[in-house]
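I wanted to look up how two helices from separate chains pass each other, and then to check a few backbone oddities. These are my notes.

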Amino acid sequence: MITPTLQHYLVVSGLLFCLGLLGVLARRNLLVVYMSLELMLNAANLALVAFSHFNNQLNGQVMVFFIITVAAAEVAVGLALIVAIYRKRQTAHVEDLSSLKF
Amino acid sequence: MNYMELLGALAPEAIVVLTALVALAVDLLVLRQAPQNARQVVAVSITAVGILAAIIALSVAAPSPPWMDGLLINHSTTAFLKQTLLVLALVAGILSIQSRFTQHTGEYVTLLLLSTVGMMLLVSSDNLLLMFVALELTSLPLYVLTAFNKESPSSSEASLKYFLIGSLSAACLLFGISLLYGLSGGITWTQLATTLRAGSEPIVYLALILTLIGFAFKVAAAPFHLWAPDVYQGAPTPVAAFIASGSKIASFYMFARIFMAALPGTAGSAAWSGATPGWVPLVAALAVVSMILGNVAAIAQRSVKRLLAYSAIGHAGYALLAILSNTEQGMGSLLYYVVTYAVTAMGAFAVVNVIERDVQAPNGESLTDFAGLSRRSPLLSLCLLVFVLSLAGIPPLAGFFGKFYIFIATAQSGTSQGLIWLVMLAIGTSAISLYYYLQILKQVYVVESVGQPTPVQLRPAESACIVAMACTVLILGCAPNWLINRFSPNSTEVRRAGVITKPSTTLELAAEIHPRITAPLGTATGLVQKRPQFETTTANAQ
Amino acid sequence: MEHDAVQHAVQSGSKIQDLAWLVLFLPLLGSVMAWFITRRDRVLTTVFTLGTVILSFILSVTLFAVFGAASAECTPFQFLHIGDLKVDIGLHLDALSTLMLLVVTGVASLVMIFSTSYMHDDASYSRFFCTLGLFVFSMLGIVLANNFVMMFVFWELVGVSSYLLIGFWFERPAAGDAAKKAFLSNRLGDFGFILGILMVWSAVGSVNFQEIQASLIKNPAAMGVWAGLAGLLVFMGAMGKSAQFPLHVWLPDAMEGPTPVSALIHAATMVAAGVYMLCRVFFIYTVPAGWPPALSFLGDLSAATVVAWIGGITALLAALTAVQQNDIKRILAYSTLSQLGYMVMAVGLGASTGNPSASMFHLFTHAFFKAMLFLGAGSVIHACHHEQDIWRMGGLWKKMPVTFWTFAIGTAALAGLPPFSGFYSKDEILATALEANPILCGLAVLVACLTTFYMCRLVLVAFFGTTRTESAEHAHESPRSMTIPLMFLAVPSVVAGWFPVGEFIAGHFGVRSHEGVGRVVAQEGIGPMLTMILGGIDHALFAPFNHNALAAFLGLFGVLLGGSAAWALYWNQARDPLPGLFTNLSRAMRKKFYFDEIYDSVFIPIHDTVACIMAWFDRWIIDGLGVRGIHGTIEIVGRALRLVQTGNLQTYAFLFAAGVAFLAFIALQ
C-alpha cells in the first residue's frame with residue numbers, strides 16, 4: 001500500500017480537469033456539457049484540498065467550501081437557463097443553438 | 001477583529017445589497033398589481049436613492065487599513081472606481097425604464113445591483129478567495145440578466161452561451177488559482193508575490209495561463225472573445241451596456257492587480273528582440289490577436305451592437321498593452337482608459353437602445369436603421385458623434401487621451417523601447433478602426449433615411465443621461481489631467497495604498513510584514529522540494 | 001512702493017489676476033449664449049456679444065490699473081502631464097499682455113458698436129456678432145497664453161474665426177476665395193510655427209514661456225545649433241498671421257470681408273498677433289546664432305537679422321504697391337502691410353539692442369489710427385453706396401465732416417506728423433534702426449515718405465476736388481453709431497503717442513536706458529504715471545527730439561517730402577497723373593509687383609505638375625496597391641473572421657481550447 005503523495009492527487013485532478021474539458025468539447029446534450037463543467041470545477045477543488053493538506057494549511061480547504069457554495073448557485077442558474085431554452089425551443093442540444101452568429 | 005468596523009468598511013456594499021432587497025420587496029409585495037411603467041419608475045427610483053447613498057458613503061469613508069491580509073482593501077482609487085461602477089449601474093437602470101423586455105422589474109433591478117456589488121468587491125479584494133467569489137457574484141446575475149428577454153429567442157441563447165463559456169473560463173481560473181495557491185502556499189497578493197518566480201518549471205506557466213484565461217474571458221480578449229458579439233447582440237441593450245462598461249472596469253482592474261501586484265516575479269518580457277517567458281508575452285499575444293481581430297472583424301458587421309462588441313475586443317487589446325507595460329504609469333493609463341471607455345460605451349449603447357426601441361425590428365437594430373438620424377434627432381446624433389469619435393480616438397475627446405496615455409506608458413516601459421512594436425501595431429489597428437466608426441457616422445449624417453424622417457422619441461431621464469455622458473467624454477478629453485491625476489503614480493494616496501508596487505519593493509515589504517509567511521510550506525512534500533528558487537526564499541525567510 | 005505692494009498682493013494669494021480668466025472667457029460666453037439662445041433676436045444678440053466684450057474691456061482696464069508693468073501668473077489649470085510633456089493652461093499677465101488686452105478689447109468694443117449700424121441690414125447679423133465674439137476670445141487667448149501649445153491652439157482658432165469673417169459674405173465667390181487664400185497662407189505659416197515650437201521644446205524641454213526664458217538666460221547656448229532654425233520657423237507663424245513677404249498675398253484680398261472686420265482683424269488685432277508673438281518669445285531671438293551643419297554657411301547670421309530684413313522688404317514693397325491702388329480699402333490694406341513690416345523690422349532690429357519695444361509701441365498706436373481709418377473708409381463706402389474707388393468719389397469733406405476730420409487725423413497719425421501718435425512710435429522705430437542698421441533706417445525713411453505720399457493722395461482724391469460721380473454727389477454723413485466710434489478712436493490716435501508706451505514695454509524687456517515716465521510706470525505702477533503725464537505733457541511731446549534728434553528730423557523730412565509731392569501731383573486732379581510719368585513702374589505697382597501672377601505662373605504650374613504626379617502615385621500606388629489592396633485584404637479577412645463566429649457553442653469551446661493551446665505554445669517557446 002503506497003501512501004498517496006501530492007503528485008498523485010494532482011495527477012488525478014489534472015485528469016479530471018481534462019475529462020471535463022473533453023466532455024464540454026465533445027458532448028452534444030446541454031445537460032451533459034454542464035455536468036462536464038462541474039467536473040472541471042471539482043477537479044480544481046480536489047487540487048485545492050490536496051495542496052491545503054500537504055501545505056498544512058486550512059485556507060485552501062476553506063476556499064473549497066466557498067467554491068462548493070458558488071458552484072451550487074451556478075447550478076441553479078445553469079439549470080434555469082437550460083429549462084428556459086428548452087421551453088422556448090423544445091431542445092436541449094448544443095447544435096440547435098446557433099441563431100446568433102457571424 | 002471588530003465586526004462593526006468591518007461593517008463600516010463594507011458599508012457601501014451593504015447599502016447596495018439592502019437597496020436590492022428593498023427594491024425586490026417593494027416590487028413583489030406592494031406593486032404587484034401596479035402598471036408596468038409605475039413599477040419600473042419606482043424600482044429605478046429606489047435604486048437611485050440607494051446608489052446615491054452608497055456613493056456618499058464611499059466619498060466620506062476614511063481609508064481603512066487592509067482587512068484580514070488584504071481580504072478587503074479600501075483606498076481612494078477603489079472608492080473612485082466603485083463610484084463609477086455605481087453610476088454606470090444607475091444609468092443602466094434608467095435606460096431600462098419603459099423597455100418592454102421584461103415584466104419582472106423587481107428581479108431585474110435586484111440582479112443588476114447584486115452584480116454591481118460583485119464588481120465593487122472585485123475592485124477591493126487583494127485575495128484569491130474573495131476575488132473568485134466576487135467574480136462569480138458579478139457573473140451569475142449577468143448571465144440571468146442576459147436571458148431576461150423571454151420574448152426573444154436570441155436572449156436565452158446568448159445567455160446560455162455566455163454562461164457555458166463563462167463557466168468554462170471560471171473552471172480554468174479556479175484551477176489556475178488552485179495551482180497558484182499550491183505553488184505559493186498563500187492566497188493573498190503579498191504571499192503570492194513573495195514566493196512565485198518564473199523558473200524552468202512548466203507548472204508555473206500552466207497556472208499563469210489558466211489564470212490569464214479567466215480574465216481574458218471577462219474582458220473579452222481574443223481568442224476568448226467568442227461570447228461577446230453574441231451576448232451584446234442577444235442581451236437586452238441596457239444589460240449589454242452594463243456588461244460592456246461596468247464589468248469591464250472591474251475585470252480590468254482585477255486583471256491588472258493580480259498580475260502586476262501578485263505575480264511580478266513571473267512577468268518576463270515581450271520585447272521584440274530578447275523576449276523572456278512569463279505572463280507579459282502571454283498578455284502581449286492576447287493583445288496582438290485582440291487588436292487585429294477586433295478591429296478587422298468589426299468592418300464586416302451589419303449590426304451596431306455586434307460592431308460595438310468587436311470594437312470592444314479591439315479596445316480590450318489596447319488596454320492589455322497597459323497591463324503588459326507592468327509599470328505604475330501603465331496602471332494609471334489603464335484606469336483612465338477603461339473608465340473613459342466604459343462611459344463612452346455606455347453612451348453608445350444608450351443611443352443604440354433608443355434606436356432599437358424606435359425600429360422594433362424582431363432581430364434587433366442594424367446599421368441601416370441609423371440612416372438619416374441627424375435629421376430625426378440632432379441631439380442624439382451629436383451625442384453619438386461624440387461617443388463614436390471618442391471610441392475612434394479623435395482629439396479632443398477622452399478616447400484620444402486614453403490611447404495616447406497607454407501608448408506612451410507602453411513605449412516607455414520596455415527596456416530600450418522593446419515594446420515599441422506593440423505600440424506601432426496598436427496605432428496601425430486604430431487607423432483601421434476609423435473605417436468602421438466612420439461607417440456609423442456616415443449612416444447618421446450622410447445617408448438619407450428611408451421615407452419621411454420622423455422624430456425619435458426620447459424620454460427626459462434617458463436623454464439627460466446620454467447628454468451627461470457625452471459631456472463627460474468631452475470634458476475628460478478637454479481636461480484629461482483631472483482623471484489622470486487620480487490614477488497617476490504621483491498621487492500619494494495610491495502609492496500609500498500600494499495599488500501597485502515595484503516587484504522588489506513588494507518583496508521587501510512582504511518580507512517585513514510576513515516574515516514567517518512561507519514557513520508552513522517548508523513541510524510540504526514533493527513539488528516543493530523540486531524548486532530551488534523557492535527553497536532559497538524559504539531559507540531567507542527563516 | 002506701490003509696485004512692491006502689488007507684488008505682495010500677488011503673492012499673498014489675493015489672486016486678482018484670476019480676473020484674466022474672466023476677460024478671456026466672457027466674449028466666448030457671450031457669443032455662445034447669443035448663438036444658442038438669442039440668435040433670432042438682434043437686440044439681445046447685440047447685448048450679449050457687445051456687452052461681454054465691453055465688460056471684458058472694463059476688466060482689462062482694471063487689470064492694467066492694478067498690475068501695470070508687474071507680472072503675474074494666473075492659477076494654471078493642469079491640462080496634460082505625461083512624461084516630459086507638461087502642458088498647463090495658464091494665463092500670464094505682464095506689461096506686454098495687459099497693454100495688448102487694452103488694445104484688443106478696446107478696439108473690438110468700438111468696432112462692434114460701429115457694426116451695429118454698418119451691418120444693420122444684413123440678414124446674418126447674429127452670425128456676424130457671434131463670430132466676432134469668437135474672434136475676440138481667440139485673440140485674447142493668444143495674448144494671455146503662457147505657453148507655446150496654448151498659444152498655438154488659439155493661433156489656429158484665430159485663423160478659423162478670421163476665415164469665417166473674411167468669408168462672411170460667402171455667396172460672393174471673391175469672398176470665398178479670399179477666405180480660402182487667407183486660411184491657406186496662414187496654415188503654411190502655422191506649419192513652420194508648430195515645427196519651431198517642437199524644436200524649441202526638444203532643445204529646451206519646456207513649452208512654458210517663463211521657463212524657456214529662464215533656461216535661456218541661465219544658458220544662452222541651450223538651443224545650440226537649432227537657435228537659428230527654430231527662430232526662423234517660429235517667425236514663419238508670424239509671417240502668416242502678420243502677412244509678411246512672401247506670405248503677404250492674403251491680406252489685401254481679405255478686404256472682401258465686411259469693413260468692420262477689416263478694421264478689427266486686418267488692421268488692429270489679428271495681424272498684430274504675429275508681432276505680439278515675436279515680442280512674447282523675443283528671448284529666442286537674442287541667443288547666439290547657431291545653424292545645423294548643413295546650413296553652417298550661414299555663419300553668424302542671426303534669425304533676428306533675417307526677420308528685420310523681411311520686415312523692411314515687406315514695408316517697402318507694400319508702400320510702393322499702395323501708391324498705385326485705387327480701391328480705398330486696398331490702399332489701407334497695403335498700408336497695413338507696410339506698417340506691419342515696420343513693426344517686424346523693429347523686432348528684428350531690437351534683437352541687437354535688446355529692446356523691441358518700438359514695435360509694440362507702433363503696434364499700439366497703429367491699432368487705433370488704422371482701425372479708425374478703416375472705419376472711416378467704411379463710413380465713406382457706406383455713404384457712397386458701396387463705392388470703393390477713390391477716383392469715383394471726391395469733394396466729400398463738406399458732406400461728411402466728422403468722417404473727414406477723423407480720417408484726416410488718422411492720415412496725419414499714419415504719416416507720422418507730430419504731435420499725432422504715429423510720429424512718436426515711428427520715431428522710436430527710426431531711432432532703433434539708426435542705432436542698429438543704418439541701411440534699414442534709410443529704407444524706413446523712404447517708406448515713411450511713401451506712406452505720407454499715398455495717404456495724402458487718398459485724402460486729396462477722395463475728399464477734395466470735384467465730386468466725380470452720382471453716388472458721391474448724394475453722400476451724407478453716416479449715422480451716430482458709426483461716427484461715435486470714429487470720434488472715440490480719434491482721441492487715442494492723437495494722444496496715444498504721448499504716453500511713454502515704448503518705455504513702459506522697454507521696462508518689460510529689462511531696458512531702462514531712457515529717462516522718463518516709462519521707468520516710473522515700470523517701477524511704481526500706474527498712479528504716479530498719470531500725475532507725471534499731466535505734469536509733463538510738454539516733456540512727453542518733445543521726447544523724440546530730446547533723445548534722438550536725428551531720427552526725429554529724418555522722420556519729419558520724410559513726411560514733408562511725401563506730403564508735398566502728393567500735393568503737387570494730386571491737388572484737384574480728376575485722373576491719376578502718375579502712370580503718365582512712370583509707365584512701367586506705375587504698372588508694376590498697380591499690379592502689386594505681380595506677386596499673384598508670379599504665384600499663379602510659377603507656383604501653380606509646379607504645384608499642378610507635382611499634384612499630377614502625386615495624383616497618379618496616389619491613384620495607382622497608394623490607392624490601388626496600398627489602400628485598395630490593404631482595404632480589400634482587411635475586408636476579406638474581416639469577412640473570413642466573421643465566419644469563425646459560427647454560432648455553435650462547441651465551436652466556441654473548441655476555439656477556447658485552441659486559445660489555451662496557443663497560449664501554452666507561446667509560454668513554452
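Entry 1, the crossing. I looked up the handedness first: H3(A) passes H7(B) in a left-handed crossing. The model I am reading is a predicted one. H3 of chain A covers residues 59–89 and H7 of chain B covers residues 153–184. Their axes come within 10 Å and cross at roughly 165 degrees. An angle over 145 degrees counts as roughly antiparallel, so I wrote down H3(A) as roughly antiparallel to H7(B).

Entry 2, the contact. Which residues in H3(A) and H7(B) meet? On the side of H3(A) I listed A:Gly60, A:Ile67, A:Glu74, A:Val77, A:Gly78, A:Leu81, A:Ala84, A:Ile85, A:Lys88 and A:Arg89. On the side of H7(B) I noted several, among them B:Pro153, B:Glu157, B:Leu160, B:Phe163, B:Leu174 and B:Tyr181. Sorted by class, the contact of H3(A) with H7(B) has 10 nonpolar, 5 polar and 4 charged residues.

Entry 3, H7(B) by itself. I checked its length against the rise of 1.5 Å a residue. For its 32 residues the span should be 46 Å, and the end C-alpha atoms are 46 Å apart, which agrees. I then looked up burial. Of the 32 residues of H7(B), 31 are buried, so this helix is largely enclosed by the rest of the structure. Just after H7(B), I found B:Gly185 with a positive phi of about 80 degrees.

Entry 4, positive phi without glycine. A:Gln90 is not a glycine, yet its phi is positive, about 60 degrees. I placed A:Gln90 in the segment after H3 of chain A. B:Asn326 is not a glycine either, and its phi is positive at about 55 degrees. B:Asn326 sits in the loop between H13 (304–325) and H14 (328–359) of chain B.

Are these two residues buried or exposed? A:Gln90 has 8 other C-beta atoms within 10 Å. The cut-off for exposed is 12 or fewer, so A:Gln90 is exposed. B:Asn326 has 29 C-beta neighbours inside 10 Å. Buried needs 20 or more, so B:Asn326 counts as buried.

Entry 5, a cis peptide bond. Which residues does the cis peptide bond join? I found B:Ala222 and B:Pro223, with omega at about 0 degrees. B:Pro223 lies in the loop between H9 (202–218) and H10 (227–234) of chain B.

Technical notes:
Residues numbered from 1 in each chain as written. Chains lettered and ligands numbered in written order. Predicted model: local features only at pLDDT ≥ 70, side-chain atom pairs only at ≥ 80, totals over all residues. Axes fitted to C-alpha atoms, helices over the stretch in contact; angles between N-to-C directions. Parallel < 35°, antiparallel > 145°, perpendicular 65-115°, else oblique. Left-handed = near helix turned anticlockwise from the far one by under 90°. Contact = placed C-beta atoms within 7 Å. Nonpolar A, V, L, I, M, F, W, Y, C, P; charged D, E, K, R; others polar. Expected span 1.5 Å × (residues − 1).
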